[in-house]
Amino acid sequence: MGSGEWCLEKRDSLRTESVSSNENVPETGCLSIIVLGASGDLAKKKTFPALFHLYCQGFLPPDEVHIFGYARTKISDDDLRNRIRGYLVSDRSALPYEDVLKFLQLIKYVSGSYDAAEGFQLLDKEIAKHETSKSSKEGSSRRLFYLALPPSVYPSVCRMIRKYCMNKSDLGGWTRIVVEKPFGKDLNSAEQLSSQIGELFDEPQIYRIDHYLGKELVQNLLVLRFANRFFLPLWNRDNIDNVQIVFREDFGTEGRGGYFDEYGYASWQLFQSCTTFYVLCLVAMEKPVSLKPEHIRDEKVKVLQSVLPIKDEEVVLGQYEGYRDDPTVPDNSNTPTFATVILRIHNERWEGVPFIMKAGKALNSRKAEIRVQFKDVPGDIFKCKKQGRNEFVIRLQPSEAMYMKLTVKQPGLEMSTVQSELDLSYGQRYQGVTIPEAYERLILDTIRGDQQHFVRRDELKAAWEIFTPLLHRIDNGEMKSIPYKPGSRGPAEADELSAKAGYVQTHGYIWIPPTL
């Protein structure tokens, strides 16, 4: 393969090599994937398309795998297949329609309640039929339950799975469950949910999924930090002035204001989903002793345990004008749709470096990025400080990229300086390569038993311990949301807080994704 050529190989089996090999018993049995909430939006828009693309890449061989949909809706196998058919093929690839038909034939639907025995007994019977047809030995089959459901039904569903649908695991088989965020809405509710599920399943069986942790650039963070020599001496408080972790959306709640008001948007986007926390951990953690999932997650927990209590003066909350016009939102709602919070990590590497966490809806752009801003050059002989600082930016979405902002000489006869960049834009560098969707990667990790990119219970608890006091102050009305106009950067006070923390905004420079 030439240096400029890239390809995506088709795999023969889902039993491929992995960073983590934590199974001592060979896996020889068939695999049943059960999607609970199969008739809902998440399942048809994300879960089934992810399974389809894994199937097309050879990770879900039809002679080993069968897929079951389970929900309360009374529909037939063909009804479910017709519902999801239009979501399977995306613009990213031109897959033969024959592949769609073959994949759909792997899907069977079972209807039943989420808290009654009859439905789960029928589901277990259908799964057992599949296992028998594949001549799997008792105890060798694998069962993966994907809960594309609201968290309120997790406890009852898990009880039903535990009582009626478990697989014996003495011959290499297993039962695993995938649960979607939100994982509670404060420390107490998160711990209650964890306890209810933890009473039924061991931690190695539980996969708390946050799709951002499956994104290509997030997964690249460990490699960037620990496989490149020039980052090692720079990645500390001696050289870095501040770090921003930004999640911006250019649309509002779009009729779901009541849902966000119940949970509190700041809780959902910045705190409850905990996405920014786990990205923070990957940016700030120490090098793990190995790439085993538990070693990596141990280091992430240490970061969270080192975060100091949040100060009220280092928080700005906002609510976009028009949010309360949603008929599902109370007229006096104080729910934030925007938050900027400064976190401070009390350890040797990061003492004194502010981590500026930003999230918001109805803003002027949609992007998710990590922005590491370095300190000013001492003894600036070129007088170029006004042009801005060096920054290392990791663009998670859209237009995945990594680029370094740096000062260079302006072309010409004069000795003048200008800001430019060293740019790795994935769309240009890796032409013809399809970047997997996050759900594909995370579902495959679940099948392989690799929990590196999933949230462990003590991680979840440590994250909630940081933010729950602030959330309660918001709920009690002690902190007010500042109005801001839709399509703006958010409250001006947020930019003022960032500047006070040390962030220096670059004026006159705009990163433009390169064209092919």
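A cavity, for these notes, is a set of grid points where a 1.4 Å probe fits but cannot get out. I am working on a predicted model, and I began with its enclosed spaces before turning to the sheet.

**Entry 1: cavities**

I asked how many cavities of 30 Å³ or more there are. The count comes to two.

I took the largest cavity to start with, and its volume is about 90 Å³. Which residues line the largest cavity? I noted Leu 213, Val 218, Gln 219, Leu 222, Tyr 278, Leu 282, Ile 296, Lys 300, Gln 452 and His 453. Next I looked up the elements that give two or more residues to this lining, and they are α7 (216-219), α11 (275-284) and α12 (293-305). Sorted by class, the lining residues are six nonpolar, three polar and one charged. Lys 300 is the charged one.

Then I moved to the second largest cavity, which holds about 40 Å³ of space. Around it I listed Val 179, Phe 183, Leu 193, Ser 194, Ile 197, Arg 208 and Leu 460. Which helix gives the most to this lining? I found helix α6 (residues 187-198), with three residues. By class I wrote down five nonpolar, one polar and one charged. Here Ser 194 is the polar residue and Arg 208 the charged one.

**Entry 2: the sheet**

I traced the strands next. They make an open sheet of six, in the order β3-β2-β1-β4-β5-β6, and the pairing is parallel. Why do β3 (107-111) and β6 (206-209) each have one side without a neighbour in the sheet? Both stand at the edges with a single partner strand, so one side of each is left free of a neighbour there. I also noted the twist, which averages 20° from one strand to the next.

I picked one pair for a closer look: β4 (residues 142-147) and β5 (residues 174-180) run parallel and share six bridges. Within this pair I looked up Phe 145, and its bridge partner in β5 is Ile 177.

Val 179, which I had already listed in the lining of the second largest cavity, falls within β5 (residues 174-180).

**Entry 3: helices on the sheet**

Last, I checked two helices that lie across the strands. Helix α1 (residues 41-56) crosses β1 (31-36), β2 (65-71), β3, β4 and β5, and I read its angle to β1 as about 165°. Helix α14 (residues 438-448) lies across β1, β4, β5 and β6. Its direction is at about 150° to β5. I noted that β1, β4 and β5 appear on both lists.

Terms used
Residues numbered from 1 in each chain as written. Predicted model: local features only at pLDDT ≥ 70, side-chain atom pairs only at ≥ 80, totals over all residues. Heavy atoms only, no water. Pairing = 2+ DSSP bridges. Helix = DSSP H or I, 4+ residues; strand = E, 2+ residues; numbered from the N terminus. Axes fitted to C-alpha atoms, helices over the stretch in contact; angles between N-to-C directions. Contact = heavy atoms within 4.5 Å. 1 Å grid on protein atoms, 1.4 Å probe; cavity = no way out; pocket = protein on both sides within 12 Å on 5 of 7 lines; lining within 4 Å. Points joined across faces, edges and corners; volume = space filled by probe spheres on them.
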